Amino acid sequence: MGSGNLELIFDRVGHFGRYQIFVYFTCAFQNISCGIHYLASVFMTVFPKHICRPPGNVSRILFHNTSLWRLDDIWTLFPTGREDYVVVLLEDGVVWELTRCYRFRRDNNSSLNYDYDGHKSGFSCLDGFIYDKSKWDNTVVTQWDLVCNREWFAKLIQPTFMFGVLLGALIFGYLSDRVGRRPVLWSTSIGMHVFGIAVAFTFDYYSFMLARFLLAIVASGYLVVVFVYVTEFIGMKARTWASIQIHSFFAIGTMVVALTGYLFRTWWIYQLILSTVTLPFVLCCWMIPETPFWLLSEGRYKEAQIVVDKMAKWNRTGTCKLSELLSLDLYGAVGEKPSEVKKYNLLDLFYDWNIGTRTLIVWLIWFTGCLGFYCFSLNSVNLGGNEYLNLFLMGAVEIPAYIFICVGMDVVGRRNVLMFSLISGALFCGVIMVIPKGNYIWSVVASVAGKFAIGSAFGLIYLYTAELYPTMIRTQAVGSGSVVCRVGSIIAPFCVYLSSVWLFMPQLLTGTLAFVSGLLTLKLPETLGKPLTTTWEQAIKLDEEKDSS
């Protein structure tokens, strides 16, 4: 059953007709949720300015030479990133020094001066903390006091989510090859709404982490399988644009996060709004069919014929008989089962030396693209200026990036655009490193340009991976690539935290990996204008054509 024959299905019923348009935008709309949940923690885990709560009612406050009456008034004076303290006089006459993580009781209370050389006793913040609420009324950090010696709990929120994403890519990539694309899309879509809403109503840190972990698993499953789904459901003439632009909906999700964060400053309301944005998808998800490619690969020819007939009816084209097109016997004896279909696993991605080398290079590109993608996005709130606008721009720039690669791929090919994007991303990382500290406008501009380049590579590798492998292993190829890239997304938050060691450490790591990956891309075959492969022989032939060209 050659891939050329399978592509003839779309020549008969249409490459991107009305039925495929309906299915495409239905699935793409739900992809907004993936973009939302992947980056929702950016604002839920904001670390506001804070100090220890004093053990009593305050009658007077002193900060350096400024005297205040309310602790909420000190935040405009309180420094960021530098240890300082506030002196308070309680109603019982005791003087305390309050810092971010400790409080000190002065033994001599005869005078209220900021500087004090006498003896004082130190205590931990047993009464909790007072937080700056000028930007956020309530975050996960302030809800459960995830500061000071509990700060690492907050820093584990995004890596733990991405670990769930890793498992989801592995689990659902495998399941979609076993049970089909449609059941996975149904279950993961419903799961995103259920677990997303559950996150908003969690009662402690551990239930919050569990709900988000399960949310990550199903969101990842949807993201991996929906890409393969639309790739297999759309003809070659429209496949490039359609499969790449589905990432634009993920970018819209990022912009929705920025807008929602700006409008709603209480974390559980923010989470609840984000989890219901794509709820209308549930009303029509039952209408999406299984892909003919998967049905045919499983030997379920009659069901594939039903889907093709429905597609032809919606597209107002002539019917396409698979029995004639593919020389199949769809109407064997009653009760006769199709021949046993071989099952494939992850080891088949190393089918031979050439395929194994291809897999390792592809995995490196997945890792690099994901690391850079999330380093730029997560670090956007630390660039200076308006953090909501910064994140919005990081999402918005992905849309022209995907248009760029769609146009470029059809002109110079997938491989060349991928190489250009990776090396450009490395160069922009270098530019960021030479911008003087404090010039946040230029830092934002360079970061947006870097996100454009890395986002182009990250968006392209999905399609490129799907085209490099045959049908029976395609979802596992994309799923395994997603697993590898989620290792990058797990590391990305820690990479951003390394900026406290050296400001440009994230850019150095991302730029170096992007440059190396860009060079190794030259060893991959070109897939421009070639039909999807269905056998290992056709996949291996791509390397032979590359060597002969």
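1. A cavity is here a set of grid points where a 1.4 Å probe fits but cannot get out, and its lining residues have an atom within 4 Å of a point. The model under discussion is predicted. In this model, the count comes to 2 cavities of 30 Å³ or more.

2. The largest cavity has a volume of about 80 Å³. Its lining consists of Leu223, His247, Phe250, Phe373, Tyr374, Glu398, Tyr402, Phe458, Gly459, Tyr462 and Arg486. Two or more lining residues are given by each of helix 9 (236-263), helix 15 (353-379), helix 17 (398-412) and helix 19 (440-468).

3. Which helix supplies the largest share of the lining of the largest cavity? Helix 19 does, with 3 residues.

4. As to the chemical character of the largest cavity, its lining has 7 nonpolar, 2 polar and 2 charged residues. Because Asp, Glu, Lys and Arg count as charged, Glu398 and Arg486 in this lining fall into the charged class.

5. The second largest cavity has a volume of about 50 Å³. The residues that line this cavity are Cys375, Phe376, Asn379, Pro506, Gln507 and Thr510. Helix 15 and helix 21 (505-520) are the elements that give two or more residues to this lining.

6. By class, the lining of the second largest cavity divides into 3 nonpolar and 3 polar residues, with no charged residues. Helix 15 deserves a separate remark: it gives two or more residues to the lining of the largest cavity, and it likewise gives two or more to that of the second largest.

How values were computed:
Residues are numbered from 1 along each chain as its sequence is written. This is a predicted model: local features need pLDDT of at least 70, side-chain atom pairs count only at pLDDT 80 or more; totals for chains, interfaces and linings use all residues. Side-chain values use heavy atoms; hydrogens and water are left out. On a 1 Å grid over the protein atoms alone, a cavity is a set of points where a 1.4 Å probe fits but cannot get out, and a pocket is an open set with protein on both sides within 12 Å along at least five of seven lines; lining residues have an atom within 4 Å of a point. Grid points are joined across faces, edges and corners, and a volume is the space filled by probe spheres set on the points. Helices (H or I, at least four residues) and strands (E, at least two) are DSSP runs, numbered from the N terminus.
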